[in-house]
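Please open the structure in your viewer and keep the selection tool at hand. The tour below proceeds stop by stop, naming what to select and what is to be found there.

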Amino acid sequence: MRLFLGLIIIVMMFSNCDTPHKQSAIQKSVISESVINQTIGTIRNNHPNADAIRIEKGVKHVASLWWPEDGDEETFKNFCIERFIADDAQLKEFFERVSMHLETLFGHLNLMALHLQKPIHLKFGEVLPIDVAFGGYNAGAHLMEDLYSNKIAFYIALNFPYYSLNEKELSGQNWSREQWAYARLGDVFTSRVPAAILQNYSQISTASELYISQYNIKAGKLLTDDGRTIFPDDMSLLAHWNLRDELKANYPEGEQGLEKQKMIYEVMKHIIRQTIPADVINNPNYQWAPFTNSVYKNGETVNLQSEPDTRYQKIIDNFNALRQMDAYTPLDTYIRRNFEGSMEIAQPEVEALFIEYLSSSLLKEVGSLISERLGRPLQPFDIWYDGFKARSSINEEVLSEQTRRLYPDAEAYEKDIANLLVKLGYEKERANYLAERITVEPARGSGHAWGAAMRGMQSYLRTRVPDNGMDYKGYNIAMHELGHNVEQTISLYDLDYYMMSGVPNTAFTEALAFIFQKRDLNLLGIGGTNPQEEALRSLDLIWATYEVMGVSLLDMRVWKWLYENPKATANQLKYKTIELANEIWNDFYAPVYGINDEPILAIYSHMISYPLYLSAYAYGNVIEFQLEEFLRNRAFANEVDRVFSLGRLTPNHWMQQAVGSNIDIQPLLNAGAKALPEVKSN
Ligand SMILES: [Zn+2]
C-alpha cells in the first residue's frame, strides 16, 4: 500500500478532477465568445511573434474557469492582456518560480498531514477522539479556492494551458522534458468544481465506505442444511475481502474446505441478489442457513426482511454525486475523469485490452490444469484458485526467528536499508543516498509507505514491529513498502522538474513494490527453494489477472449503463448488474468453466466504495510483469534508477521510454504458455 502518491494525488486531492470545465450548468463561465476572440486578437497584435496557438488555448482555458465572482468581461479581458507572457525566457523564469512555490505548498501540506495523523498511524498509545478529529482535518481543503480568488490560478492557466490526454499521446513523443513539465503545470488548474458539490461527494463517499466497512458476515453463525455450523464460532468475515480470503484459505482443506467454499459463495450470491436477510449483517444474534435462506433465533425460525437493495442504492448515490461535477470539466463523465484523467488511459483502450486478454485461449488450458490439480470440475469461485503460490518449504516461524534477530526494532531495519539495497545491486554510495531519505517507523496497522512531496523531506516506511521484534510477515510487508519508498525517493529527488515528479499512476509504484517484495527471501540469504517457482508465479499472475479483468469490465459496463439510464432505481440497477455479470461470465468464463449464468463477478466491494478503481489493479499486474521481464538480466539498480526518474509521463509514453514497448498483455501470456508444460510435467 502507498499512502501518498506525489504530485499526481496532491493535485487531485485539491482539485478533485484534473481538467478544465465545460461551459454549461449553474456557476458557468460568463465570458462571451466575442470577448474571448477580442482578447485573443489584442494579445496577438501586442505579441506578433508569440505562438498563436498558445495564446488561443490560454485565453480559452481561463475563460472556461472564470466565474461571475471573478469580475466582468472587461476585467477578464484586461487580466489576460496584462498577464500573458510572450517571451520564452520570461516564461521559463515564471515556470521555475511557480514550481518552487507549488513545491512549498504541496510539500508542507503533505508534511502537516503526516504529522497530524501520527497518533493514528504509529504506535502512539491510545487514539484519542481529538486525534481522530485532527487526523480527518485537511489543512489544504481550501487551497484551490484561495488560488482562484487571488487569481494565481488564472495567471498560471493563461500561460500554461491544458493539453488533453489525446494531445499528450499524439505530441508527447516529440516534446522536450521542459515541454512535458509545462504541460504538467497545465494540468494543475483545469477544473473548478463548486465546493458544495465536492463536499456532497465527500459525504456520499464516506457513507459508502462506512456501509462496506461494517458489512460483516458472522461465519460462525452460518448453518448447513442439516443444521451444522462449519466455521469457528467467533469468525466474522468482511464482504467481500475476508469472504474471498477465507475461500482461498480453504483450498488445501479437501472436502471440508469445499463445503466451506460453497457456503461462502452462497452467501455472496445472497449479497449480490440482495436476498440476504438484512438483520444477519454484522449481527451475531441470528443463525442463518444460506442454502434455504432461513433464519433462526434461539432455535426458533424467524422471518427477516431482505436487505432493501441498499448495495445498489450506494452505487446510485455515488453516481449522482459524481455526475454533478460533469459540467465543470471537459472530461464530462466520471468514466472519462477516472480513465483519461486519473489513470491517463482512455476507457475504450482499457476495455479493448481486457477483452483481448479475456479471450485468450491460454486461459482454457490454465483452467483445465487447475481442474486437474483440484481433482474436480471447476466451480465459479475458482476464479480465486490459490494453488499456484510457490510457497517456501521453510517454516514461517523459522523465518520469523531470523527476522526478529535481524530487526529487533524499526531502527534496526532502517539501519539495514543501505545494505539491502547493495544486495539488490546498488553501489554503496547510491544505496546510502537513497537510504538516508527513508525513515522507518513502527506502524499501528499493517503498514504503508508515505512519500515526500518536496525535496528535503523524508519518505516514511511504516511496518508492524511487535515488542519481540519484526516477524516474517512484518518484514515481507516492509520489503513491499521499501519498494514504494525507493520509487518515491527517485521520482522526487532525481527528477529534472518538480512538476514531473511521481509516476504515471498507482500501478507503476505498486509494480516496484511487488518487485522488491518478491526478493525478500533472497535478501535473507535463502535461495529459490522451489525449482518451479517462476512458472508457478506466471500462472498465478495469469489467473489473478483473468479474475480482476472480469470484475473491472463489469464495473465499467455498469457505469456506462448508468450514464445511459441516469434515472435508474436501485432495483433496476440490481437486475442490470446481475444481467451484465452473467453476460461477461457467459462470454469469457463459461467457455473455461463449462457453467453458465454465474453472477460472482458482481461481489466486489470496490464497486460500492471505490467506483471504477478496479481497472488499476488489472493494469498493475500487466505493468509489473512487463517491468520484471525487462529487469531480468539487466543491471537492476541502474535500470530502476533510470525508469523511475522518467517521472509523470503518460502511462504509454512512460512504458515506451522505460521498457521500449506499450502496455501489452502478450509477455504475460507468453510466459504462461511457457510455464504450462513445466508445471504439468510435475
Ligand atoms: Zn503497495
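The stops that follow begin with the domains and then turn to a pocket, salt bridges, single residues and the backbone.

**Stop 1: the domains**

Please keep in mind throughout that this is a predicted model. Begin by colouring the chain by domain. Domain 1 covers 2-193, and domain 2 is made of 215-273 and 275-308. Domain 3 is assembled from the stretches 312-322, 330-388 and 528-680, while domain 4 spans 394-501. Between the C-alpha centres of domain 1 and domain 2 the distance is 50 Å.

**Stop 2: the second largest pocket**

Select D51, R54, Y163, Q179 and Y182 next. Of the 17 residues lining the second largest pocket, these are the closest to its centre. The space in this pocket amounts to about 360 Å³. Which helix gives the largest share of the lining? It is α11, with 4 residues. To see the surrounding elements, display α3 (52-65), α5 (88-116) and α11 (177-186), each of which supplies at least two lining residues. Colouring the lining by class will show 8 nonpolar, 3 polar and 6 charged residues.

**Stop 3: the salt bridges**

Side chains of opposite charge can pair when their charged atoms come close. In this model the count of salt bridges comes to 41. Three pairs and one network are visited here.

Select D233 and K221 first. Their closest N and O atoms are 3.2 Å apart, and the two residues form a salt bridge. Both partners are in the loop between β1 and β2 (236-238), 12 residues apart. Is each partner buried or exposed? D233 has a relative accessible area of 54%, so it is exposed. K221 is at 19% and therefore counts as buried, the limit for that class being under 20%.

Move on to R519 and E628. This salt bridge brings the closest N and O atoms to 2.8 Å from each other. R519 sits in the loop between α23 (506-518) and α24 (520-523), whereas E628 belongs to helix α29 (residues 614-631), and 109 residues separate the two. Both R519 and E628 are buried.

The third pair is E534 and R632, a salt bridge with its closest N and O atoms 2.9 Å apart. It joins helix α25 (residues 533-564), where E534 lies, to the loop between α29 and α30 (636-644), where R632 lies; the partners are 98 residues apart. E534 is partly exposed, with a relative accessible area of 46%, and R632 is likewise partly exposed, at 33%.

Finally, select K168, R184, D187 and E344 together. These four residues are linked in a network of salt bridges.

**Stop 4: two residues and their contacts**

Select N216, which lies in strand β1 (residues 216-218). Because its relative accessible area is 15%, N216 is classed as buried. Leaving out residues up to four places away in sequence, N216 touches S236, L237, L238, V280, I281 and N282.

Turn next to I120, in helix α6 (residues 118-121). I120 has a relative accessible area of 29%, so it is partly exposed. Its contacts, apart from neighbours within four places in sequence, are V127, D131, V132, G135 and R444. Add A443 to the selection as well: I120 and A443 are 323 residues apart along the chain, yet their C-alpha atoms are separated by 9.1 Å.

**Stop 5: the backbone**

Most residues other than glycine have a negative phi, and most peptide bonds are trans. The remaining selections depart from that pattern.

Where is K151 found? K151 is in the loop between α8 (143-149) and α9 (152-159). Although it is not a glycine, K151 has a positive phi of about 70°. With a relative accessible area of 21%, K151 is partly exposed.

N633 also has a positive phi, near 65°, and is a residue other than glycine. Look for N633 in the loop between α29 and α30. At 77% relative accessibility, N633 counts as exposed.

Conclude with A239 and H240. The peptide bond from A239 to H240 is cis, and its omega is near -10°. H240 is located in the loop between β2 and α13 (241-249).

Key:
Residues are numbered from 1 along each chain as its sequence is written. This is a predicted model: local features need pLDDT of at least 70, side-chain atom pairs count only at pLDDT 80 or more; totals for chains, interfaces and linings use all residues. Side-chain values use heavy atoms; hydrogens and water are left out. Buried means under 20% relative accessible area, exposed over 50%, partly exposed in between (1.4 Å probe, protein chains only). Contact means heavy atoms within 4.5 Å. A salt bridge is a side-chain nitrogen of Lys or Arg within 4 Å of a carboxyl oxygen of Asp or Glu. Domain bounds come from an automatic or database domain assignment. On a 1 Å grid over the protein atoms alone, a cavity is a set of points where a 1.4 Å probe fits but cannot get out, and a pocket is an open set with protein on both sides within 12 Å along at least five of seven lines; lining residues have an atom within 4 Å of a point. Grid points are joined across faces, edges and corners, and a volume is the space filled by probe spheres set on the points. Ala, Val, Leu, Ile, Met, Phe, Trp, Tyr, Cys and Pro count as nonpolar, Asp, Glu, Lys and Arg as charged, and the others, Gly among them, as polar.
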